[in-house]
Amino acid sequence: MIRFYNTQTKSIEAFNPIKPHHVGIYHCGPTVYDRAHLGNLCPFIYWDVMRRMFESIGYEVNQVMNFTDVGHIVSDADQGDDKMVSALIKAGKELTIENLHIHGRQIAKTYLDDLDALNIKTPHHLPYASQHIKEDIAIIQKLLESGHAYQVDDAIYFDTSSIDNYDTFDVHGDLDQKHTRVTSSKEKISNRDFSLWKFSDPESNIGWDSPWGKGFPGWHIECSAMAWRYLGESFDIHTGGIEHISIHHTNEIAQSETAFNQPMARMWLHNNHLQLNGEKISKSEGNVMYLDELSAHGLHPMDYRYLILTSHYRSEQNLTLNSLRSARKARHTLAKQFAGITTVNPSSADITENPAMKQLSVDLNTPQALASIRLQSKASDNHEIAFYIATEILGLDFSDLHQSTEISFDTLPANVAELLHRRSAAREARDFTSADEIRAEITKLGYLVEDNPNGTQKITKK
Ligand SMILES: [Zn+2]
């Protein structure tokens, strides 16, 4: 039996699929204005484990992750500029739908490359918001016809007072106050009301024709529309970050459930945030790290995946270079324990009865599952099933470690050997900044340096 913590009921509940042995999952995906940092990628590691867990016990999974390429306003409360439009302005590009499209696809490609490097299976559907305007319009039309939306000069708004249970997550104690402080539209009836369709400025090129005039959809309606298109009026699991609970998901539920008159999703799962060096990850503050920066520190994307799994998706996790290095060491140890095993085909009973799988089935407890795998990797029984769960369900990969045969110092090119000497000296002088810089130079030359516990350096080909 699989159980998850459902934010809507604030309890751990048994998962009951709408259709036996099928699961439809919608993930609020990235707004593709800028490439992903490590914090953006983190939740998709957890959701990938969720998908793999379902698949391993015979479920047919239909996984949808959208790309938002229009309509995501800087503040979740409909205030400020569209993130994509701001990105185009910053890049000095003309504001056209075509440029929006090109920019969005370019950023989406970098996301997909990162997911791939992290061994995250590609979701079955990757819809772009700008390709689903028709579905947005259809839902808005339903809401207007049933009297749950109203049109004013600047936009069409959802009338939150027209439903009884708008505050479905019960989190809105202070929301009205927040909204009062930042309200913009004079015509919005209640500060809680949110835009479904915003009319374009007359001089703007960004907009689509609709029965009500040229404009663009609100961010919330886009997710309702894409979830409906690929998963139907009601589906199994909806995920997102905890920051989505109070506005984005509250609004998705309000509009979808009013339009279709049934629960949007059976379960709502929310991941906590990743911090970097004890602080919020922030591009503007310069506290940010990207996946492709790991190699300069002698680290592999799999080390990051391993580290993320050591924390539960509902806990806040702090990332540091040291924690990544520890994860690498732990992964190395595991790889040695599993040396020689290549393929395993366990029965479904072997999988479901394994202690690691039992941990995963209770609200995706990856840290406990990983701890169990480490224990089992040292024991003689269950060894192969533990390997199967580590690689096929936790999605770990050890091949980079097996391939990295150490290169003897004498066979290195002279410039690499020289750098290695200088790095040794820097480390002896405890000048770790220089040591890291020299490591980055060595990486650029195609070699990876790792520090052995005894103080020596191990060098491998990239
Ligand atoms: Zn969403």
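1. Two strands pair if DSSP finds at least two bridges between them. In this predicted model, strand β9 (residues 235-241) and strand β10 pair in the parallel sense over six bridges. Within that pairing, Trp268 of β10 is the bridge partner of His238. The chain passes from β9 through helix α7 (residues 245-260) to β10, and this β-α-β crossover is right-handed.

2. Strand β10 spans residues 265-271 and is mostly covered, with six of its seven residues buried.

3. The wider setting is an open sheet of four strands, in which the pairing is parallel and the order is β4-β3-β9-β10. The edge strands, β4 (60-65) and β10, each pair on one side only. From one strand to the next, the twist averages 20°.

4. At the other end of the order, strand β3 (residues 22-27) and β4 run parallel and are joined by six bridges. Here Val23 stands opposite Val61 of β4. Helix α6 packs on the sheet and touches β3, β4 and β9, its direction making about 160° with that of β3.

5. Helix α6 (residues 219-231) also meets helix α4 (residues 133-145): their axes come within 9 Å and cross at roughly 105°. Angles of 65 to 115 degrees count as roughly perpendicular, and α4 and α6 are therefore roughly perpendicular to each other. On the α4 side the contact is made by Glu135, Asp136, Ala138, Ile139 and Ile140, and on the α6 side by Ile221, Glu222, Ser224, Ala225, Trp228 and Arg229. These contact residues of α4 and α6 divide into six nonpolar, one polar and four charged.

How values were computed:
Residues numbered from 1 in each chain as written. Predicted model: local features only at pLDDT ≥ 70, side-chain atom pairs only at ≥ 80, totals over all residues. Heavy atoms only, no water. Axes fitted to C-alpha atoms, helices over the stretch in contact; angles between N-to-C directions. Helix = DSSP H or I, 4+ residues; strand = E, 2+ residues; numbered from the N terminus. Parallel < 35°, antiparallel > 145°, perpendicular 65-115°, else oblique. Contact = heavy atoms within 4.5 Å. Nonpolar A, V, L, I, M, F, W, Y, C, P; charged D, E, K, R; others polar. Buried < 20%, exposed > 50% of the residue type's maximum accessible area, 1.4 Å probe, protein only. Right-handed = clockwise from strand over helix to strand, strands pointing away.
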